[in-house]
Amino acid sequence: MQPIQLLAPDGKLAENEVYGPYIAKLSGEELRELYRYMAMERRLDAEATSLQRQGQLALWAPALGQEAAQVGTIAALKSSDMVFPTYREHAMALYRGIAPEELLTTFRATRHSGWDPRQHNFQVYTLVLAAQTLHAAGWAMGIQQDQRTGSIPRDRAEDEIVVACIGDGATSQGDVHESMVFASSYELPMLYFIQNNHWAISVPTRTQSRGPLVNRAQGYGFEGVRVDGNDVLASYAVATKLSAEIRAGKGPKLIESVTYRMGAHTTADDPTKYRSNEELELWEGRDPIRRYRSWLDSTGEADQAYFEQVDAESKDLASDMRKSVLALEPIDIERVFDTVYSEPHRQVEAEKAWLKDYEAGFAEETTTEAGGTR
Amino acid sequence: MSAIKEMPMAKAITAALRDELAADQRTLLIGEDIGALGGVFRVTDGLQAEFGTHRVIDSPLAESGIIGTSIGMAMRGYRPVAEIQFDGFVFPAFNQITSQLAKMHSRTDGKVKVPVTIRLPYGGHVGSVEHHSESPEALFAHTAGLRVVAPSSPQDAYWMTRQAIVSDDPVIILEPKRRYWLKGKVDTENPAPDAFRAQVLREGTDATIATYGPLVPVALAAAEAARADQRSIEVVDIRSISPLDDETIARSAAKTQRLVVAHEAPTFGGMGGEIAARVAERAHHRLLAPVLRVGGFHMPYPPASQEHRYLPDIDRMLEAVDRSFSYQRGV
Ligand SMILES: Cc1ncc(C[n+]2csc(CCOP(=O)(O)OP(=O)(O)O)c2C)c(N)n1
């Protein structure tokens, strides 16, 4: 099944009756912003990878190659739409205004999460694959509940849809199935966004599914669209169309975004052990940023000065990020004690007090030794 | 003024759910067959008719889905009360409960609260088939971030349910299903003690039996029977498994100087061991015998035709009390 594509790898835009009009509506400014976010993410990714190599991050999961899939999709949403990400949605996070150092707290292992989900309508990253697809369904059930009862005053409910992000590997998890059953049965305002980057660590997509993942939607009774995830314009158009339909009350939809992870799964693995150079080269030829840049360039939507400005901005982002990441304060274990429960819990309090006393004991010893009084 | 009525435990829980649904629009019930049928134990009987299909939600047949979507609704400000049909079917939701529900508040540095209540009919002695008689409390008590309570009377069931729902933390209520039809007085005006505290139900001087949920009436009967042997047994209803009120248990043990802990769950790796260790830390010099445990065996819950040999009963409790008396200090 051919994915929807508007922009060919050589940077030529094809006519498309259904999806073309969504692109035609974008202003020059909006078109340039798509590029800017993709470029910024790529720079952030490179910097994070190098920070990890220097031992400054515990781990990094690069999104190299998936910039168009993510930016095109998130740009199609309203800022009031809640996103439930996995752990590789860096471009989407940046787009929602999450600062690089907030994004990297998890990876520097200073905290489990670095941002306030409500501030950005972007939930924290989830490492247990697919668990968040059920939280997304529950959030969507909450939207319906608000609509019916008016129990919680909110913005207009039709201004809210929910996006559940999943990888191709994660689609095999049972929670995805249960989430789709709930979404379909209750006609939830949900968009499933599958980034098929061809690999789940070292296991290819065909081990998760023999047919296109998009076909799964049909089994649950809703529509799915397969899109070229390396084409930011097609990604934008498809997400815009589907999200408008979801907003209009047509129930859940699914996007299978066909893209490619050009980097390692995480900085902990070695892709040369499981994939070929030819495959990588093929996908490098479909690079989403180069493709879009050449189109912007050829149409005159952006000029050399603009690209240079984005380059400079990316460079600043990288150096600011390096400083702010290195300056991240680790969470105190006292704070971890304090957040296990919302309300007091006897055992947690006792253990916290014990640790305090225990450590105070060491502090006294050190003072004594240093003071040389004994 | 107080409103006191006699009712079975199942009806006390129904009343508590009704009162919370009425008190707070954000409270929702979700589970399998809880609507028109009223749940397989009829605990939610009539509530859907009263509050509508959107507040009493018949879910798809999906335990992970019930808990996972409850988490999502709670994130949005609702207070879902999820019913899992039977103890043995909580395991498909185990991941959502332990890796998501329990950890959400902490992993978001306190920014996201998930006030989900999980109602779990649990325990044996109902003559049922496989997976309908289990006691998984230790697995949940071992997981930081969860609260685990077990009522033993209608009054407790009523107030524990209400207190669980208004708590901002996730709470698992282990409903002793063999006691659903146990009748007792319920005072709906005056709260029972704090759901997260233990309670001395019967005073005694010679030994303590501490237990919770379905075995509380058994312990009370054992204490009564022990009077024939001139033994005065104190009975502590542990009530809250996490947090554990080890202080109240240890105080009783220090007073009577002998402690037997009983539960239906297998003793190996169970709550009894945890309680024994904690009581020893607090009161070992006051004890005349080691803390003894009475519980199930290290085996899958057996076919019901053998459950009478598996489950602690009055005799097994009294045997443990005898054993406790057979220890002689310093000999
Ligand atoms: C439940 C679970 N099992 C295993 C893992 C370890 N793991 C982390 S990422 C990953 C592969 C995921 O692949 P995919 O869903 O395609 O997403 P991608 O990383 O390619 O973006 C695995 C096996 C996990 N995080 N969670």
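**Interface and helix packing in a predicted two-chain model**

Chain A and chain B bury about 4,000 Å² between them, and 52% of that area is on carbon and sulfur atoms. In chain A, the residues that lose the most area to chain B are H135(A), Y341(A) and R346(A). Together they account for 16% of what that side buries. The model is predicted. In the contact, 48 residues of chain A touch 55 residues of chain B. Four salt bridges are found across the interface of chain A and chain B. The side chains of R335(A) and D109(B) meet in a salt bridge, with N to O at 2.7 Å.

One helix pair spans the two chains. Helix 7 of chain A (residues 131-149) meets helix 3 of chain B (residues 63-75), and their axes come within 6 Å. The axes cross at roughly 55°. An angle of this kind is neither under 35 degrees nor within 65 to 115, so it counts as oblique. Helix 7 of chain A and helix 3 of chain B are therefore oblique to each other. The crossing is right-handed. From helix 7 of chain A, the contact draws on L134(A), H135(A), A137(A), G138(A), W139(A), M141(A) and G142(A). Helix 3 of chain B supplies S64(B), G65(B), G68(B), T69(B), I71(B), G72(B), M73(B) and M75(B). By class, this contact of helix 7 of chain A with helix 3 of chain B holds seven nonpolar and eight polar residues, and no charged ones. H135(A) thus appears twice: in this helix contact, and among the residues of chain A that lose the most area to chain B.

Helix 3 of chain B also packs within its own chain. Its partner there is helix 4 of chain B (residues 94-101), at an angle of about 25° and with the axes 8 Å apart. That angle makes helix 3 of chain B roughly parallel to helix 4 of chain B. S64(B), I67(B), G68(B) and I71(B) of helix 3 meet Q96(B), I97(B), Q100(B) and L101(B) of helix 4. The contact of helix 3 with helix 4 of chain B has four nonpolar, four polar and no charged residues. S64(B), G68(B) and I71(B) take part in this contact and in the contact with helix 7 of chain A.

Within chain A, helix 2 (residues 28-53) packs on helix 13 (residues 304-326) at an angle of about 35°, with the axes 9 Å apart. The crossing of helix 2 and helix 13 of chain A is right-handed. Helix 2 contributes residues including R32(A), E33(A), R36(A), R43(A) and E47(A). Helix 13 contributes residues including E313(A), K315(A), L317(A) and R322(A). The residues of the contact of helix 2 with helix 13 of chain A divide into 14 nonpolar, two polar and eight charged.

Over all chains the structure holds 42 salt bridges. One of them joins the side chains of K253(A) and E223(A), with N to O at 3.0 Å. The pair links distant parts of the chain, 30 residues apart. K253(A) lies in strand 7 of chain A (residues 253-258), and E223(A) in strand 6 of chain A (residues 223-228).

Two backbone features stand out from the usual pattern. Most residues other than glycine have a negative phi, and most peptide bonds are trans. H198(A) is not a glycine, yet has a positive phi of about 75°. H198(A) sits in the loop between strand 3 (190-196) and strand 4 (199-200) of chain A. A cis peptide bond joins S242(B) and P243(B), with omega about -5°. P243(B) lies in the loop between strand 12 (240-242) and helix 9 (246-256) of chain B.

How values were computed:
Residues numbered from 1 in each chain as written. Chains lettered and ligands numbered in written order. Predicted model: local features only at pLDDT ≥ 70, side-chain atom pairs only at ≥ 80, totals over all residues. Heavy atoms only, no water. Axes fitted to C-alpha atoms, helices over the stretch in contact; angles between N-to-C directions. Helix = DSSP H or I, 4+ residues; strand = E, 2+ residues; numbered from the N terminus. Parallel < 35°, antiparallel > 145°, perpendicular 65-115°, else oblique. Left-handed = near helix turned anticlockwise from the far one by under 90°. Contact = heavy atoms within 4.5 Å. Nonpolar A, V, L, I, M, F, W, Y, C, P; charged D, E, K, R; others polar. Buried area = accessible area lost by both parts, 1.4 Å probe.
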